[in-house]
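Please look at how the parts of this model pack against one another, and then work through the questions and answers that follow.

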Amino acid sequence: MKRYSIGLIFTLMGVTGTASADNLIPGDLQNYIAYGAIIIMLLLIVIAMLVLLRAFKVITMVILKSQGYTKAEIEAEMHPPKKEKKPKGEVWNKLLSLRPLAEEKELLIAHDYDGIQELDNPIPGWFMYLFYATIIFAGGYLLNYHVFHTGQLQYDEYKTEMAQADIAKKLYLSKAANQVDENTVKLVNDPAVISAGQAIFIQNCKPCHGEHAEGNVGPNLTDDYWLHGGKINDLFKTIKYGVLAKGMPTWEKQLSPKQIADVANYVKSLHGTNPAGAKEPQGTKEAPANDQLVAIK
Amino acid sequence: MQPEKFYYDNKIVRNFGIATVIWGIIGMTVGLIIAIQLYAPGMNMNNQYTTYGRIRPLHTNAVIFAFVGNAIFMGVYYSLQRLLKARMYSDWLSKIHFWGWQLIIVSAVITLPLGFTTSHEYAELEWPIDIAITLIWVVFGVNMFGTIFKRRERHLYVAIWFYIATFVTIAVLHIVNSMELPISAFKSYYIYAGVQDALVQWWYGHNAVAFFLTTPYLGMMYYFLPKMANRPIYSYKLSILHFWALIFIYIWAGPHHLLYTTLPGWAQSLGIAFSIMLIAPSWGGMINGLLTLRGAWDKVRDDVVLKFMVVGLTAYGMATFEGPMLSLKQVNGFAHFSDWIIAHVHVGALGWNGFLTFAILYWVIPRIYKTELFSKKLSAFHFWIGTLGILFYAIPMYWAGFTQSLMLKEFTPEGMLKYPNFLETTLQILPMHMMRSAGGAMYLLGVIVMAYNLARTMMQGSLVANEAAQAMPLAPANTVVKEHSWHRTLERKPIQLMIAALVVILVGTFVELMPTLTIKSNIPTIASVKSYTPLELQGRDLYIREGCSNCHSQTVRPFRSETERYGEYSKAGEFVYDHPFLWGSKRTGPDLAREGQKYGNAWHYNHLMDPRLMSPGSIMPNYDWLISQKLDTTTTRSKINAMRTLGVPYALGYEDKANADLDKQAKGISDNLATDHIKVKSNKEIIAIIAYLQRLGVDIKANKTNNK
């Protein structure tokens with residue numbers, strides 16, 4: 001059994017070893033495998049020790065028996081009488097630096113308030129250490145932030161946080177292919193895009209534009225009339241930056257460029273659906289042909 | 001010398017005891033109602049007087065000042081007489097104190113639902129009630145010191161040090177935090193604005209916890225625990241150290257309620273450093289209490305009163321360790337504004353204040369009625385349902401706090417907020433809020449059972465209104481031998497003790513408040529920040545009346561997760577005309593500091609009428625009465641005048657033109673709403689509140705555009 005387990009360890013180590021060499025497995029995963037291997041290794045060592053212990057016991061018994069010990073004698077040899085235990089609570093009392101209850105009478109202050117007496121126990125040492133430690137921490141804290149300026153106060157912390165986030169974001173976006181903006185957005189009628197756009201619309205736009213974009217607080221989005229342009233690029237821009245004066249919020253911070261493109265396409269797909277309860281036209285009329293051209297381009 | 005005969009006044013103790021139980025049940029019931037409103041907004045019965053924003057202050061005031069307040073007076077009036085071997089100084093003062101305090105509470109129960117509020121947390125009551133509180137507090141002080149002066153006990157026991165510190169500090173806190181300029185019978189403006197107002201408020205709020213919920217209870221613990229367990233106090237030296245350390249350090253810690261706000265960095269750091277130093281002095285009380293039980297732990301097994309005490313002390317220990325940890329800015333940035341804080345305060349309130357109060361009631365009432373407790377079984381039931389109630393309350397709230405804060409701070413790899421819609425995080429924690437209200441209901445049930453048990457106890461016994469006692473009179477002061485320590489000497493001198501306590505608490509007060517209140521450079525001004533228009537000012541007062549700040553903060557902290565969600569972080573200069581500040585302390589809904597111009601007027605109109613129209617699933621109540629109620633513009637003149645007195649730059653004589661400007665702006669908004677087919681007269685309250693909401697955070701955006 002032991003040979004088998006040792007074999008397993010080597011296999012595991014081999015796996016991690018090759019992984020790091022080939023760099024096939026991402027760094028995080030490698031770490032996890034290594035942690036797992038270490039834990040399994042430690043467990044195996046524990047098991048091996050238990051087995052060894054058992055083996056020693058058996059050997060001792062066999063040897064004793066061969067020397068002619070009786071069963072009772074062997075038993076006595078294997079389990080020597082335990083040392084007498086210290087009275088319960090003594091360790092506890094030491095830890096808390098408490099004096100035994102029996103000595104309490106010496107500590108009573110010769111005075112009482114409505115029958116309440118007080119003991120003249122010293123303040124426990126550990127309590128004072130705790131107090132000193134917090135005072136040192138507090139002093140260190142103030143020195144760190146206000147004298148040596150080694151710690152960052154909130155506005156510097158913020159700068160750091162934003163800078164790190166910016167790096168991470170740029171790194172991600174340089175790899176990811178969803179960098180669409182108002183100039184590059186394309187009109188598509190891919191059903192996947194339209195249904196993704198619909199989900200976003202229902203979640204975010206419905207309260208103001210109505211479930212079928214018929215208009216409510218916001219304008220009707222299904223007719224020929226547009227307040228801020230009806231081309232896909234215009235829609236993208238309106239959604240992204242909002243029109244604060246008209247109550248249209250900016251969605252830049254809430255929707256990714258891909259999501260904005262999806263919802264813009266969904267809105268375009270609704271053109272001419274003529275939903276029930278449509279709001280009256282607002283803005284200027286734009287010939288739908290205009291847009292078709294863009295789409296063909 | 002002959003021993004003197006005298007009588008303890010038990011009737012006043014009994015009265016405060018009954019008031020404790022009644023107000024406790026009322027306060028906790030209101031708490032349960034608002035807890036349910038957080039997942040069933042209709043629980044306000046569509047009634048403006050019972051909305052969360054108006055009765056959350058009623059809950060906090062009722063449990064702090066009515067339940068705990070009456071319990072303090074019960075405990076003090078019982079223990080003070082016995083520790084001093086004297087009857088209370090004046091039965092009349094006792095009576096005025098009792099009835100005056102109940103009247104103050106009744107006035108709170110009436111005015112808070114009506115929307116008369118200063119908006120300062122735990123100090124919401126308007127100026128006439130503030131004056132009444134001051135007077136009654138003085139009555140209490142005179143009565144206490146009168147008793148101390150005629151005492152038959154030379155030295156003051158540790159419990160009384162705590163009572164004296166409580167008296168003097170609460171007086172200072174209340175007066176400084178009630179500096180208001182009245183403009184009518186039930187409306188006033190704080191003389192402080194913005195950052196300064198926030199600092200004063202949280203210096204007060206934090207130390208109301210310290211000196212109303214902590215020090216008097218420590219004093220009571222020092223009397224009742226050794227009595228209940230029949231054991232001596234563990235360490236007199238520890239009493240001295242932790243008393244002085246506690247009152248000195250506690251007063252500094254207020255700014256930890258304002259971390260990552262626009263409060264100057266040095267004040268924030270002081271708040272954190274002193275909060276950490278507070279651990280040991282706070283624990284001093286718990287340790288001295290628990291070690292007093294040494295050799296009496298076998299009694300704890302059978303005696304429900306001691307069980308309450310042990311759980312109470314343990315809850316105190318946990319809350320006073322958690323508090324300093326929450327003060328560390330890294331923890332605070334995560335926990336502040338979340339349900340974690342609600343869990344934290346309830347461990348303290350339900351565990352420490354509640355359980356100690358119950359223990360004292362169960363112990364005192366049978367004694368002054370010369371009988372046994374009616375039912376031990378019921379009291380054991382109370383203990384277990386109460387303990388379970390605390391767990392069922394606290395655990396879901398910790399869970400809710402962690403969940404929501406994690407969600408609010410999560411970003412996608414694209415660098416966008418994972419949950420840009422605040423409401424999504426709210427809906428996620430509704431199940432936890434339901435569980436929390438179940439926990440609260442269990443706790444309340446326990447209190448009702450206790451009320452029954454105590455009532456039956458009173459019925460089976462009869463009150464010993466005047467309990468006979470005797471003690472030797474004090475020898476003249478000049479015959480007293482010299483003391484062996486300075487503190488023993490101080491314990492004989494109540495006035496000196498009070499002055500010492502006062503000096504100790506004033507140190508931190510001055511160091512933190514004075515520079516912020518007086519040095520201009522601490523609050524950098526911003527040129528583009530202008531005073532509110534008359535309509536916005538009226539709208540702001542409606543915002544205060546409806547208690548919006550109980551759920552919505554108005555301060556964006558410098559975190560990526562907040563600037564992405566709300567906009568630029570807040571600057572101190574933005575708040576210079578805010579009398580009072582409205583930063584809030586809990587985000588049940590999103591922050592509103594940058595709400596202005598984010599949505600159209602029509603959106604706000606619909607949202608206030610029924611929030612679920614614009615935000616499906618929202619737990620905000622309907623505010624449809626704002627549409628039907630007419631805005632009271634007769635107050636505009638006095639409001640403008642008052643603001644000018646407080647330093648807001650309205651031109652002289654503007655008060656005459658203010659209402660014309662108000663009408664003009666209101667007309668503009670109602671015309672704008674008309675374009676969206678919303679017909680509403682321009683003289684309605686909703687117009688004013690929309691005007692205010694649309695102004696929030698706009699000035700600083702204007703600043704940005706100008707600089708471009």
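Q: In which hand, left-handed or right-handed, does α6(B) pass α18(B)?
A: In this predicted model, local features need pLDDT of at least 70 and side-chain atom pairs count only at pLDDT 80 or more, while totals for chains, interfaces and linings use all residues. Residues are numbered from 1 along each chain as its sequence is written, with chains lettered from A and ligands numbered from 1 in the order in which they are written. A crossing is left-handed if the near helix is turned anticlockwise from the far one by less than a right angle, and right-handed if clockwise. For α6(B) passing α18(B), with helices taken as DSSP runs of H or I of at least four residues and strands as E runs of at least two, numbered from the N terminus, the crossing is left-handed.

Q: Are α6(B) and α18(B) roughly parallel or roughly antiparallel to each other?
A: Helix α6 (residues 194-229) and helix α18 (residues 494-518) of chain B pack at an angle of about 165°, with their axes 9 Å apart. Axes are lines fitted to C-alpha atoms, for helices over the stretch in contact, and angles run from 0 to 180 degrees between N-to-C directions. Angles under 35 degrees count as roughly parallel, over 145 as roughly antiparallel, 65 to 115 as roughly perpendicular and the rest as oblique, and α6(B) and α18(B) are therefore roughly antiparallel.

Q: Which element gives the most to the side of chain A that touches chain B?
A: Counting residues as in contact if their C-beta atoms, placed from the backbone, lie within 7 Å, 44 residues of chain A are in contact with 49 residues of chain B. Elements of chain A that each supply at least two residues to this side include β1 (108-113) and α7 (154-175). With 11 residues, the element that gives the most is α6(A).

Conventions: Contact = placed C-beta atoms within 7 Å.
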